[in-house]
Amino acid sequence: MTQKQHILLTLGKDLLFILVALFLIVKGRFLGAVIGVLALLWYGRDFWYRVKSVLPSAAPVRDNVERPSETRRPEDGPIIDDGKIQVTDLSGAKEVDFEKE
């Protein structure tokens, strides 16, 4: 059995149980109506999610917000080596040894 046949079989089963639940709600007494409502909720939810999974989904609409990664940045200037090193976070360092080669 292919995946499509399995989905169609499940949709048919859910539709049949929904019809039985509607029959119980209309023709049943109190207990039949309660069982019918519960079955309608259970199989109706299952039927709805199966139908949503079978239908082709629409392509997501992209918003027109310009994000920082998409904006153009000015080109970086040339690297100037003046022999200085600036360390901004020393929270994890106990001792720093640096030797310029």
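Val37 sits in helix H2, where helices (H or I, at least four residues) and strands (E, at least two) are DSSP runs numbered from the N terminus. Val37 is partly exposed at 39% relative accessibility; buried means under 20% relative accessible area, exposed over 50%, and partly exposed in between (1.4 Å probe, protein chains only). The C-alpha atoms of Val37 and Leu22 are 7.8 Å apart, with their positions 15 residues apart along the chain.

The model is predicted: local features need pLDDT of at least 70, side-chain atom pairs count only at pLDDT 80 or more, and totals for chains, interfaces and linings use all residues. Residues are numbered from 1 along each chain as its sequence is written, and side-chain values use heavy atoms, with hydrogens and water left out.

**Chain as a whole**

- The chain has two helices and zero strands.
- Of the 101 residues in the chain, 10% are buried.
- About 10,000 Å² of the chain is exposed, and carbon and sulfur atoms supply 61% of that area; accessible areas come from the Shrake-Rupley method with a 1.4 Å probe, and for residues only the protein chains shown count as cover.
- Contact means heavy atoms within 4.5 Å. Among contacts between residues at least 6 apart in sequence, 46% join residues at least 24 apart.

**Helices H1 and H2**

- Helix H1 covers residues 3-27, and helix H2 covers residues 30-54.
- The expected span of a helix is 1.5 Å times one less than its number of residues. For the 25 residues of H1 this gives 36 Å, which agrees with the 36 Å between its end C-alpha atoms.
- H2 also has 25 residues and an expected span of 36 Å, and its end C-alpha atoms are 36 Å apart, in agreement.
- In H1 the buried residues are Ile7, Thr10, Leu11, Asp14, Ile18 and Ala21, and they pack against H2.
- In H2 the buried residues are Gly32, Gly36, Ala39 and Asp46, and their cover includes H1.
- Ser53 lies in H2 and is exposed, at 52% relative accessibility. Its C-alpha atom is 9.5 Å from that of Ile7, although the two residues are 46 apart along the chain.

**Thr10 and its surroundings**

- Thr10 belongs to helix H1 and counts as buried because its relative accessibility is 9%.
- A polar atom of the Thr10 side chain lies 2.8 Å from the backbone oxygen of His6. A polar contact is a pair of N or O atoms within 3.5 Å; within protein, one must be able to donate a hydrogen and the other to accept it, and residues adjacent in sequence count only if both atoms are side-chain atoms.
- Leaving aside residues up to four places away in sequence, Thr10 touches Asp46 and Arg50.

**Salt bridges**

- A salt bridge is a side-chain nitrogen of Lys or Arg within 4 Å of a carboxyl oxygen of Asp or Glu. By this rule there are two salt bridges.
- One joins the side chains of Asp14 and Lys13, at 3.3 Å from N to O. Asp14 is buried, with 0% relative accessibility, whereas Lys13 is partly exposed, with a relative accessible area of 36%.
- Another joins the side chains of Asp46 and Arg50, at 3.8 Å from N to O. Both residues lie in H2, four residues apart, about one turn of the helix.
- An α-helix has 3.6 residues a turn, so residues three or four places apart point the same way.
- Asp46 is among the buried residues of H2, while Arg50 is partly exposed because its relative accessible area is 27%.

**Nonpolar surface patch**

- Phe30, Leu31, Val34, Ile35, Val37, Leu38 and Leu41 make a nonpolar surface patch of about 720 Å².
- Patches are made of residues with over 30% relative accessible area and no salt bridge; like charges are joined within 9 Å, and nonpolar side chains (Val, Leu, Ile, Met, Phe, Trp, Tyr) within 5 Å.
- Val34, one of the patch residues, is placed in H2 and is partly exposed, with a relative accessible area of 34%.
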